[in-house]
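Take a look at the model below before reading on. The text then walks through it step by step.

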Amino acid sequence: MKKKIIMLIAMMVIISIPVLSQTQATQNVNVNVTCPGSSQMYPESVLPSENLGTIQAGGDFQEVGPVEVKWRFEGDGTNNPRQFNIVLWQQAVEPDPINYPQEKVEIQSQWYADGNGTSKELINSPEQGGKYQVYLNEGGGCDSWGYIYLQITGAKATEHFPSNMGPVVFRFTIDVVD
Amino acid sequence: MKKFFAILAVLVLFGTYAWAGDATQTVNVTVTCSDQLVVTCQSSPWEPSVAAGASATSTFTWNITGDGTNNPVLVLGYNKVFPWDDGNGVILDLNDPVQGDWRYEGCNDNVSVTAEATVTVDLHATSGVHTFAFDLTATY
């Protein structure tokens, strides 16, 4: 008897379930995300007003600085490492080649890249016109960034370099390749 | 003889009356709607271009065409949960569907359903196209 009552209740429950149908339509949303600062790169160091220091004419490289010429990379959001090109790298400057040919000042320096949030990474065998890549901090989204450094540690002047020449200006230019 | 014709006339009239009784013809017409209940997107695809750190809004519209039964749609819902974070810096948020003027009274009658959509892109988003797809489901 109890079994019959349970079966009857079960049947009533089954019967009371309405037969429902469904229909649907798909909405597609394609969001094109752009990075406001993509492809930007700009100097962050205080040069050219930074003074490397004063050296004596003649002899080998003398210790100066060190001074970091620094550029900041903005991420383009692709998660790919950014590439840069050393467009101009003045390692030696002749400030007055007409009146004082042969007289020049040279610097000793090394390029570094900020590697994915780790410490600075040395760029081996850099050269003007060379293309190098740098990994960005914070995973490569639109707000990611990276740094390129030129660390100058030494300078030397030719033996007869005129002392009234004033400060010798070195210029460095890098550009985004990708 | 006159009596014979009189009787004959009465018989003819009575017979004619009896022969001309009522008869009913029944015609049943079954109406079918050309469509079942159908939901169609009016705003798909939505393809905004949004800079990182910014947002965009839109109104999604769906059209529900009736099947002529006069039965209302019981449930409107999405097959995704909102806000929907794609994990790459883009969030799609959508409020519940707002039903328009319900005039669901026969074949091909329809009602519009709308919902406000917001896309928010954080500064850490990756560039390029982020894709979302979801269904508005009508249960009846």
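What follows goes from each chain to the sheets and then to the contact between the chains.

This is a predicted model. Begin with chain A. One helix and ten strands make up its secondary structure elements. Along the sequence the helix leads, and the strands follow: α-β-β-β-β-β-β-β-β-β-β. Chain A has 178 residues, and 26% of them count as buried. Now consider contacts between residues at least 6 apart in sequence. In chain A, 77% of these join residues at least 24 apart.

Chain B has one helix and nine strands. Its order from the N terminus is α-β-β-β-β-β-β-β-β-β. Of its 140 residues, 20% are buried. For contacts in chain B between residues at least 6 apart in sequence, the share that joins residues at least 24 apart is 69%.

Next, a sheet in chain A. Three of its strands form an open sheet, in the order β8-β4-β10, with antiparallel pairing. Why do β8 and β10 of chain A each have one side without a neighbour in the sheet? Strands β8 (131-134) and β10 (172-176) stand at the edges, and each has a single partner strand, so one side of each stays free of a neighbour in this sheet. From one strand to the next, the twist averages 35 degrees.

Look at one pairing in this sheet in detail. Strand β4 of chain A covers residues 82-89, and four bridges join it to β8(A). The two run antiparallel. At one position, A:R82 stands opposite A:V134 in β8(A).

Another sheet draws on both chains. Which strands form it, and in what order? It is an open sheet of four strands, running β2(B)-β1(A)-β9(B)-β4(B), and its pairing is mixed. Here β2 and β4 of chain B stand at the edges, each with a single partner strand, so one side of each has no neighbour in the sheet. The twist averages 25 degrees from one strand to the next.

Start at the β2(B) end. Strand β1 of chain A spans residues 22-34, and strand β2 of chain B spans residues 49-51. Three bridges join these strands, which run parallel. In this pairing A:N32 stands opposite B:S49 in β2(B).

Now go to the β4(B) end. There β4(B) pairs with strand β9 of chain B, residues 128-139. The sense is antiparallel, over four bridges. B:L76 stands opposite B:A138 in β9(B).

One residue of that edge strand deserves a stop. B:G77 lies in strand β4 of chain B, which covers residues 75-78. Is B:G77 buried or partly exposed? There are 14 other C-beta atoms within 10 Å of B:G77, so this residue is partly exposed. B:G77 and B:D135 are 58 residues apart in sequence. In space, their C-alpha atoms are 8.2 Å apart.

Finally, step back to the contact between the chains. How many residues does each chain bring? Chain A gives 26 residues and chain B gives 42 residues. On the side of chain A that touches chain B, 15 residues are polar, eight are nonpolar and three are charged. The parallel pairing of β1 of chain A with β2 of chain B, described above, joins one chain to the other through three bridges.

Terms used: Residues numbered from 1 in each chain as written. Chains lettered and ligands numbered in written order. Predicted model: local features only at pLDDT ≥ 70, side-chain atom pairs only at ≥ 80, totals over all residues. Contact = placed C-beta atoms within 7 Å. Nonpolar A, V, L, I, M, F, W, Y, C, P; charged D, E, K, R; others polar. Pairing = 2+ DSSP bridges. Buried ≥ 20, exposed ≤ 12 C-beta atoms within 10 Å, placed from the backbone. Axes fitted to C-alpha atoms, helices over the stretch in contact; angles between N-to-C directions.
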